[in-house]
Amino acid sequence: MNPTTLELPAAELKTALTGLGKIISRRTTLPVLEHLRVTRTSNGAVTLQATDLDATAVYQAEQPSPGEPCDFLVPFESLNKLVKGSKEPVQLTVEAKDKVQVRTCIGTSAMAQTLTTLPVEEYPPMPVVHGQSISMDASFRDALRQALDCCSGDGSRHVIQHVCLDPRSRDGHYIAATDGRHLYAANSFSFEFKAPVLIPDRPFLRWNKFLENGSGQLTVQPATKKEMPWLKLQSGPWTLLAKSTDAEFPNWKQVVPATDSSLTLVKLDADAVTTLLAGVPKLPGGDEFNRPVRLVVSENR
């Protein structure tokens, strides 16, 4: 076969590899999942793809790379190490079905290394997600990331390893999450679907380069008899396809005190919030279970 070469700017490739590395599993028993899939279409559009079977991230290069269409795999760790110190464009050349050469410059020294790879036919097909879409803005992004911080890390409680988009309330739709010990809930959203949607806690969603400008789209594909629900989150050059769950999220509202109850209600204005955010992290007790803070209410203060 004739060698095929495509070129990507080093800075852009490093950003892409950082994001894709949040999908690549270091514990996989399938060698093909340790690879990236690199594709160039007939119009020069280049995409890089990583998957762990439950989620797939796709990066669309900013500029086209002219040349013949190609589709090949490259080992993630090897490529990541080779481009880490580079500031010059990186060239990927397909020399054979199982050989890819990486060429770049580190400082003033040219560098070239041939990597052994796997046939692209072994790579899992990318999921196709169709369904109802909603817009994601900066307020959605910020609430989602705060909710992700409250998700459970306990693998035996799979459903609370998700953030719930809950459209069932008349007083505004909610983003909610819990680990069973504390709860996050933010409302005033307006979702266009009627049933709750669960977003899995993925490191990629916490990454500051995804939803960087606070705009994107979420597409929800409902569960079928053969398939769990799937989600597609798109923002800028990034697309994340993630498997969700059809399990029922806990009734989180039953633990939230009503504002008209006989219990004491504490309202914090903006200045009080600023003071708490600055002061609470400096209090002792950070190594105690749940890091408790006591609030004392006396004479309306």
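**Leu276, the largest pocket and the salt bridges**

Leu276 sits in helix H5, which covers residues 270-279. The structure is a predicted model, and what follows is computed from it. At 35% relative accessibility, Leu276 falls in the partly exposed class, because that class runs between the 20% limit for buried and the 50% limit for exposed.

Leu276 turns up in a nonpolar patch on the surface. The other members of this patch are Val266, Leu268, Val273, Leu277, Val280, Leu283, Val293, Leu295 and Val297. Put together, the patch residues offer about 860 Å² of accessible area.

Leu276 also turns up at the largest pocket, where it is one of the residues nearest the centre. His182, Val280, Arg291 and Val293 are the others named there. Val280 and Val293, like Leu276, belong to the nonpolar patch as well. In general, rolling a probe the size of a water molecule over the atoms is a way to show where empty space is left. For the largest pocket, that space comes to about 1,000 Å³. Its lining takes in 20 residues, and these split into 13 nonpolar, five polar and two charged.

Next come the backbone angles. Ser188, a residue of strand S12 (residues 183-189), has a phi near 75°, which is a positive value in a residue other than glycine. Ser188 counts as exposed because its relative accessibility is 65%, over the 50% cut-off. Leu211 is another residue other than glycine with a positive phi, this one near 60°. Leu211 is found in a loop, between helix H4 (203-206) and strand S14 (216-221). With a relative accessible area of just 2%, Leu211 is buried, so its side of the cut-off is under 20%.

Leu92 is a buried residue too, at 2% relative accessibility. Its place is in strand S6, made up of residues 90-96. Leu92 and Val74 are 18 residues apart along the chain, and their C-alpha atoms are separated by 9.1 Å.

That leaves the charged side chains. Searching the whole structure turns up ten salt bridges. One of them pairs Asp142 with Arg141, and the closest N and O atoms there are 3.0 Å apart. What about the two partners, Asp142 and Arg141: buried or partly exposed? Asp142 has 35% relative accessibility and therefore counts as partly exposed. Arg141 has a relative accessible area of 14%, so this residue is buried.

Asp179 and Arg181 form another salt bridge through their side chains, at 3.6 Å from N to O. The pair makes the grade because the cut-off for a salt bridge is 4 Å. Asp179 is buried, since its relative accessible area is 11%.

Lys209 bridges to Glu212, with 3.3 Å between the closest N and O atoms. Lys209 is partly exposed, at a relative accessible area of 36%. Finally, there is a case that goes beyond a simple pair: Asp149, Asp201 and Arg206 are linked in a network of salt bridges.

Note on methods: Residues are numbered from 1 along each chain as its sequence is written. This is a predicted model: local features need pLDDT of at least 70, side-chain atom pairs count only at pLDDT 80 or more; totals for chains, interfaces and linings use all residues. Side-chain values use heavy atoms; hydrogens and water are left out. Patches are made of residues with over 30% relative accessible area and no salt bridge: like charges are joined within 9 Å, nonpolar side chains (Val, Leu, Ile, Met, Phe, Trp, Tyr) within 5 Å. Accessible areas come from the Shrake-Rupley method with a 1.4 Å probe; for residues, only the protein chains shown count as cover. Helices (H or I, at least four residues) and strands (E, at least two) are DSSP runs, numbered from the N terminus. Buried means under 20% relative accessible area, exposed over 50%, partly exposed in between (1.4 Å probe, protein chains only). On a 1 Å grid over the protein atoms alone, a cavity is a set of points where a 1.4 Å probe fits but cannot get out, and a pocket is an open set with protein on both sides within 12 Å along at least five of seven lines; lining residues have an atom within 4 Å of a point. Grid points are joined across faces, edges and corners, and a volume is the space filled by probe spheres set on the points. Ala, Val, Leu, Ile, Met, Phe, Trp, Tyr, Cys and Pro count as nonpolar, Asp, Glu, Lys and Arg as charged, and the others, Gly among them, as polar.
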